[in-house]
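User: Please go through this structure with me and explain the terms you use. I should like to know what each description rests on.

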Amino acid sequence: MAAANGVKSVWVGLNGLLSTPAVSCVIRERVGADGSKSTGAFILTASHNPGGPHEDFGIKYNMENGGPAPEAITDKIYENTRTINEYLIAENLPDVDISTIGVTKFTGPEGSYDVEVFDSASDYVKLMKSIFDFASLQKLIASPNFTLCFDALHGVAGAYAKRIFVEELGAKESSLINCIPKEDFGGGHPDPNLTYAKELVFRMGLGKSCTQEEPPEFGAAADGDADRNMILGKRFFVTPSDSVAIIAANAVQSIPYFASGLKGVARSMPTSAALDVVASNLSLKFFEVPTGWKFFGNLMDAGLCSICGEESFGTGSDHIREKDGIWAVLAWLSIIAYKNKENLDGDKLVTVEDIVRQHWAAYGRHYYTRYDYENVDATGAKELMSYLVDLQSSLPEINNIIKGIRTDVSDIVDANEFEYKDPVDGSVSKHQGIRYLFADGSRLVFRLSGTGSEGATIRLYIEQYEKDSSKISRDSQEALGPLVEVALKLSKMQEFTGRSEPTVIT
């Protein structure tokens, strides 16, 4: 189709494997043998809006900045699909062996045309080495006190893990698990969370039946297209909201790329406000954006944002225009290396848990959970959201209701439906979620997605902020209990949805 439409050159990653962050890197950094640069990329991925007979295939388009196409472009594409009555395709083009690096040249319907198969990892590894101090990471990994485990969940991250962690940094091959990319992800679900990364969770001592062996000091997982990540310490889980805040708080000291300072930081609206507190303390520009990486990309292109993240296990920086799972792992390893630079041969390293607890002591802790109610009746879901919007017209009334539920919960000081005006292009995104903001920094957020024939999903985000350093080590469920009760009763969740409990708790 490219040949038939007059494209002169197509680049393909070796064996057709490229992570989503590597695609962004290639668009931005790679120069072809003839001096050409990419004008964009098609990403074929099970990760993005899956379609097909088994919901196993999706197509995403990335622009010449390396980021996802903005709504103005995808809207135009959609409009074209409503009127298209033919498509062009070149017949009888020879097959290209994508398992071998090289350039195949031939003549297409529109003239000369070539396909270049290139090493999937080389451009990305080169970029990572320009960001991080690989020598200090090598010293950390060589320390007798440090062990790691990386789980690619049989996704595309496996194509990068051996190259970076083993060949470049000197980790043992045995520290990599599920690193052979498979079309069916080895029969598993390539979501880097405590539910689906079962083998890693077990190895790190977090499973219900804990391993008898001493867990590694550091664990991490990436999703199917390697743009999302999960960070674990020994018997310790780092929430994505905390992860981006801790990376931002330590980036300037720990990562050479940020040595001159951060331009700003940003998070998606449902993500906890842990990053806000860091931004305030460090006097950084701060942005709260709708869910969707393209909003971060606009800020980065304008030089307003260096580090960003979202609660759904996505973290990244302005080195590319996608979230980047392996970048996040290298960022954490850099922080651990920096905290232990005088201590690599000592009796005990500063651990992942130590780093998180030090952060909580300095900035306070955002206890955080997400309740997903999947496939609820669409009518009931819409009525619930309308009810929550109507409630917002009177803060005294809301606070009276809350005091009738729990007297130990702070007052609500603001309630609104989140709307975002992009400071770069002026575009406005409405109806992005319903927020209740409390005087003590806590929050409730309700979001609705999918109102088709299969039913809707209501996502409820509950966040309790605790500044008292004597209370930052409480059990999360205990700390969140009062606010959970308020959220469920205030929203009349069971009345509107018929559900007595969520489908998934994260």
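Analyst: A first pairing to look at is that of Gly 233, which stands opposite Phe 236 in strand 10. This is a predicted model, in which local features need pLDDT of at least 70 and side-chain atom pairs count only at pLDDT 80 or more, while totals for chains, interfaces and linings use all residues. Residues are numbered from 1 along each chain as its sequence is written, and side-chain values use heavy atoms, with hydrogens and water left out.

User: How do you know that strand 9 and strand 10 are paired, and in which sense do they run?

Analyst: Two strands pair if DSSP finds at least two bridges between them. Strand 9 (residues 229-233) and strand 10 are joined by three bridges, and therefore they meet that condition; they run antiparallel. Leu 232 has Phe 237 of strand 10 as its bridge partner. The strands themselves are DSSP runs of E with at least two residues, and helices are runs of H or I with at least four, numbered from the N terminus.

User: What connects strand 9 to strand 10?

Analyst: The two form a hairpin with two residues between them, and Arg 235 in the turn has a positive phi of about 55 degrees. Strand 8 (residues 218-222) and strand 9 also form a hairpin, here with six residues between them. In that turn, Ala 226 has a positive phi of about 70 degrees. Strand 8 and strand 9 pair in the antiparallel sense over five bridges, with Ile 231 as the partner of Ala 220 in strand 9.

User: What makes strand 9 count as mostly covered?

Analyst: A residue is called buried when its relative accessible area is under 20%, exposed when it is over 50%, and partly exposed in between (1.4 Å probe, protein chains only). In strand 9, five of its five residues are buried. Asn 229, Ile 231 and Gly 233 point one way, and Met 230 and Leu 232 the other way.

User: Which strands belong to the open sheet, and why are two of them called edge strands?

Analyst: Five strands form the sheet, in the order 7-6-8-9-10, and the pairing is mixed. Strand 7 and strand 10 (236-238) are the edge strands, as each pairs on one side only. In general, strands of a sheet pair through backbone hydrogen bonds, either parallel or antiparallel.

User: Where does strand 6 find its partners?

Analyst: Strand 6 is joined to strand 8 by four bridges, and these two run parallel. With strand 7 (residues 176-177), strand 6 pairs over two bridges, again in the parallel sense. Phe 150 takes part in both pairings: it stands opposite Ala 220 in strand 8, and its bridge partner in strand 7 is Leu 176. From strand 6 (residues 148-151), Leu 148 and Phe 150 point one way and Cys 149 and Asp 151 the other, and all are buried.

User: Why is Thr 45 called buried?

Analyst: Thr 45 has a relative accessible area of 9%, which is under 20%, so it is buried. Thr 45 lies in strand 2 (residues 41-45). Not counting residues up to four places away in sequence, Thr 45 touches Phe 57, Gly 58 and Asp 225, where contact means heavy atoms within 4.5 Å.

User: Is Ile 89 buried, exposed or partly exposed, and what does that rest on?

Analyst: Its relative accessible area is 47%, which lies between 20% and 50%, so Ile 89 is partly exposed. Ile 89 is found in the loop between helix 2 (71-81) and strand 4. Leaving aside neighbours within four places in sequence, Ile 89 is in contact with Met 1 and Ala 4. Ile 89 and Asn 5 are 84 residues apart in sequence, yet 7.8 Å apart in space, C-alpha to C-alpha.

User: How many helices and strands are there, and why is the protein described as compact?

Analyst: The protein has 15 helices and 22 strands. Its radius of gyration is 24 Å, close to the 23 Å that the globule rule gives for 506 residues, so the protein is as compact as a globular protein of that length. The radius is taken over C-alpha atoms, and the rule is 2.2 Å times the number of residues to the power 0.38. Of the 506 residues, 51% count as buried.
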